[in-house]
Amino acid sequence: MGEINWLGMDFAEFLGSALFVVMSVVVAWVVFMVLRGPARRLLGMNSRLSEARAFFVRALFVMLLLAAFAVSGGRMFNLADDAAFMEYVWQAAGNLDDVLGALMLVIGGYAVAILVLLLGLGRYRDE
Amino acid sequence: MTNEQYLIVSYFTVAGGGIVAAMATAALLRAPLRNALGRLSRSACAYLGRFLPTWLVLAALLAFVSVSYIDCAHTTYQSVVDDDVHLVATTHRQIGRIFTYLAIGVFTYALALAVFLVVHRWASTASRQGHR
């Protein structure tokens, strides 16, 4: 029966994976910081939605974070034992492609959902 | 650690981690959710507040069990245990799918909550106008 490291990978691969997770989270956080203000303003356009504004903005952050974890946690750094540093960089760049794609899907889905809701409701004020 | 020990440990660790991730996600959203539900009746507030963690835990468990170790190249338990690369790859696939389902769970909950809030405000405005 075969033997396996408890991490399921050697230390260099573990380090590469951990750095990739951190990089993905940083990208998700930067995207959220860029979009936070406009999303808050957009949700404030309609008073029916504005009372739940904090929840929807937090939900956007959580979705971006989960999407980043989903891609970075599901990818392996499966390189040869004597792989060069740049091979790890290329693998990270290749995986980052999927992280950015997932973040785009989250932003796109969120924007479409909010815009459809706002288009249906129009600007609404109680007074 | 043998491959079989790795399989047992990683399987239950990922399952437990998925539940913890779902609870942590629900906890992260609890405070703003409570503010959002502030104007609703206490029973609706309690139901929608309790619904989120349950929904997310179910999403995480569904994601976890939807990944199978058995595939075309590994049709028996022994062939699964013998292939360490397959074991690690499947563990990563489980982790990835749990977070994907959690993101989808949060998205659908937020969308349902938006629709619920809008319908609730419409209904309460209509009933106020009906009383005048």
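**Exercise 1. Work out what percentage of the 132 residues in chain B is buried, and what the general build of the chain is.**

Solution. Start with burial: in this predicted model, buried residues account for 35% of the 132 residues in chain B.

Next, look at the secondary structure. Chain B has four helices and zero strands, and going from the N terminus the order is α-α-α-α.

Now ask how spread out that is. The radius of gyration of chain B is 21 Å, while the globule rule gives 14 Å for 132 residues; 21 Å is well over that, so chain B is more spread out than a compact globule. The box around the C-alpha atoms fits this step: along the principal axes it is roughly 75 × 25 × 15 Å.

Last, check the contacts. Of those in chain B with a separation of 6 or more, 81% join residues 24 or more positions apart.

**Exercise 2. Do the same for chain A: find its helices, its radius of gyration and its buried share.**

Solution. Count the elements: chain A holds four helices and zero strands, in the pattern α-α-α-α along the sequence.

Then compare with the globule rule. For 127 residues the rule gives 14 Å, and the radius of gyration of chain A, 20 Å, is well over it, so this chain too is more spread out than a compact globule. Its C-alpha trace spans about 70 × 30 × 20 Å along the principal axes.

Burial comes next: 37% of the 127 residues in chain A are buried. As for contacts in chain A with a separation of 6 or more, 78% are between residues 24 or more positions apart.

**Exercise 3. Is B:Ala60 buried or exposed, and which residues does it touch?**

Solution. First place it: B:Ala60 sits in helix 2 (residues 42-65) of chain B.

Now count neighbours. There are 26 other C-beta atoms within 10 Å of B:Ala60. The cut-off for buried is 20 or more, so B:Ala60 is buried.

Who are the partners? Leaving out residues up to four places away in sequence, B:Ala60 touches B:Gly18, B:Ile19, B:Ala21, B:Ala22, B:Ile98, B:Tyr101 and B:Leu102.

For a sense of distance along the chain, take B:Tyr47: it is 13 residues from B:Ala60 in sequence, and their C-alpha atoms are 20 Å apart.

**Exercise 4. Now try A:Ala111: where does it lie, and is it buried, exposed or partly exposed?**

Solution. A:Ala111 belongs to helix 4 of chain A. It has 15 other C-beta atoms within 10 Å. Buried needs 20 or more and exposed needs 12 or fewer, so A:Ala111 comes out as partly exposed.

A distance to go with it: A:Ala111 and A:Val99 are twelve residues apart along the chain, and 18 Å separates their C-alpha atoms.

**Exercise 5. Find out how helix 3 of chain A packs against helix 4 of chain A.**

Solution. Get the geometry first. Helix 3 (residues 53-74) and helix 4 (residues 85-121) of chain A pack at about 155°, and their axes are 9 Å apart. Angles over 145 degrees count as roughly antiparallel, so that is what helix 3 of chain A is to helix 4 of chain A. The crossing is right-handed.

Then see who takes part. From helix 3 of chain A the contact includes A:Leu60, A:Met63 and A:Leu64, and from helix 4 of chain A it includes A:Asp98, A:Val99 and A:Tyr110. Sorted by type, the residues of this contact are twelve nonpolar, one polar and one charged.

**Exercise 6. Which parts of chain B touch chain A, and how does helix 3 of chain A meet helix 1 of chain B?**

Solution. Begin with the whole interface: 36 residues of chain B are in contact with 32 residues of chain A. On the chain B side, helix 1 (3-36) and helix 4 (84-131) are the elements that give two or more residues. Helix 4 of chain B supplies the largest share, 21 residues. By type, that side has 21 nonpolar, nine polar and six charged residues.

Now zoom in on one pair. Helix 3 of chain A and helix 1 of chain B pack at about 165°, with axes 8 Å apart, which makes them roughly antiparallel. This crossing is left-handed. Among the residues in contact are A:Phe55 and A:Arg58 of helix 3 of chain A, and B:Leu28 and B:Pro32 of helix 1 of chain B. The split here is ten nonpolar, two polar and one charged.

Notes. Residues are numbered from 1 along each chain as its sequence is written. Chains are lettered from A and ligands numbered from 1 in the order in which they are written. This is a predicted model: local features need pLDDT of at least 70, side-chain atom pairs count only at pLDDT 80 or more; totals for chains, interfaces and linings use all residues. Two residues are in contact if their C-beta atoms, placed from the backbone, lie within 7 Å. Ala, Val, Leu, Ile, Met, Phe, Trp, Tyr, Cys and Pro count as nonpolar, Asp, Glu, Lys and Arg as charged, and the others, Gly among them, as polar. Axes are lines fitted to C-alpha atoms, for helices over the stretch in contact, and angles run from 0 to 180 degrees between N-to-C directions. Angles under 35 degrees count as roughly parallel, over 145 as roughly antiparallel, 65 to 115 as roughly perpendicular and the rest as oblique. A crossing is left-handed if the near helix is turned anticlockwise from the far one by less than a right angle, and right-handed if clockwise. The radius of gyration is taken over C-alpha atoms; the globule rule is 2.2 Å times the number of residues to the power 0.38.
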